[in-house]
Amino acid sequence: QKDLGNEHEDVATSLFTLAVFYSRDGDVDAAIKYATDALKVQRANENVKDAARSLHFLADLYLHQKEYKQALEHYAKAMNHETNHFGYYCDATAKTLNCIGTAKLMQNDFREAMESHEEALRILKECHGEDLKHPLVSETLCHIGSVYYRERNSHGAMSSTNDDYTTFIEG
């Protein structure tokens, strides 16, 4: 930092690497600090791709801490960077929508989780057509299946007065 200056890209790379190491070591607070510092440098250099990666990393850290509001805010910022740089119809947007869907699912917000995954699938269909062998399409379909499974097996569904499965079949 001393030789290169605070806003050099190599400084951002080093800060992000430190964030990853601290995360792996279990020091989430330090990981968040270094990732945030890296993000500041990336934004100053208008490095959209790395800034989006840092935002995803921060969102994942918050998600694992069950700080859903913070996680969703960071995913939204990442998606904003990605759509401004790559456009809306791209794999990056679909991947971020899947992350948002997962965060919503962790909060048992099944409707919004499904909406995020379905939008991701719609984007992927626009990008890749009907290619079910594309890894991100397969991953998105698995996410959709997870929402159905979690909703079907949620405590609220199990204890409902409705004893049949029509809610899940008719959807």
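In this predicted model, helix H6 is followed by Gly129, a residue whose phi is positive, near 70°. The helix that leads up to this glycine spans residues 110-128, which makes 19 residues in total. From its first C-alpha to its last, H6 reaches 26 Å, close to the 27 Å expected at 1.5 Å a residue.

One set of H6 residues is hidden from solvent: Phe110, Ala113, Met114, Ser116, His117, Glu119, Ala120, Ile123 and Leu124 are buried. A helical repeat helps in reading such a list, because an α-helix has 3.6 residues a turn, so residues three or four places apart point the same way. The partners of the buried H6 residues are two other helices, H5 (91-106) and H7 (135-152), against which they pack.

Positive phi values also turn up away from glycine. Most residues other than glycine have a negative phi, which makes two loop residues worth a look. Lys66 is not a glycine, yet its phi is positive at about 65°. Lys66 sits in the loop between H3 and helix H4 (68-86), and it is exposed, with a relative accessible area of 58%. Asn108, likewise not a glycine, has a positive phi of about 60°. The loop between H5 and H6 holds Asn108, and at 45% relative accessibility this residue counts as partly exposed.

Turning to the earlier helices, H2 (residues 28-44) packs with H3 (residues 48-64) at an angle of about 160°, and their axes are 9 Å apart. Angles over 145 degrees count as roughly antiparallel, and H2 and H3 are therefore roughly antiparallel to each other. Their crossing is left-handed. On the H2 side, the residues that meet H3 are Val28, Ala31, Ile32, Ala35, Thr36, Ala38, Leu39, Gln42 and Arg43. Facing them from H3 are Asp50, Ala51, Arg53, Ser54, Leu55, Phe57, Leu58, Leu61 and Tyr62. Sorted by class, this contact has 12 nonpolar, three polar and three charged residues.

A last stop is Leu72, which lies in helix H4. Its relative accessibility is 18%, so Leu72 counts as buried, the cut-off being under 20%. Although Leu72 and Lys104 are 32 residues apart in sequence, their C-alpha atoms are 8.5 Å apart in space. Lys104 is also one of the residues in contact with Leu72 once neighbours within four places in sequence are left aside. The others are Ile100, Ala103 and Gln107.

Terms used:
Residues are numbered from 1 along each chain as its sequence is written. This is a predicted model: local features need pLDDT of at least 70, side-chain atom pairs count only at pLDDT 80 or more; totals for chains, interfaces and linings use all residues. Side-chain values use heavy atoms; hydrogens and water are left out. Helices (H or I, at least four residues) and strands (E, at least two) are DSSP runs, numbered from the N terminus. The expected span of a helix is 1.5 Å times one less than its number of residues. Buried means under 20% relative accessible area, exposed over 50%, partly exposed in between (1.4 Å probe, protein chains only). Contact means heavy atoms within 4.5 Å. Axes are lines fitted to C-alpha atoms, for helices over the stretch in contact, and angles run from 0 to 180 degrees between N-to-C directions. Angles under 35 degrees count as roughly parallel, over 145 as roughly antiparallel, 65 to 115 as roughly perpendicular and the rest as oblique. A crossing is left-handed if the near helix is turned anticlockwise from the far one by less than a right angle, and right-handed if clockwise. Ala, Val, Leu, Ile, Met, Phe, Trp, Tyr, Cys and Pro count as nonpolar, Asp, Glu, Lys and Arg as charged, and the others, Gly among them, as polar.
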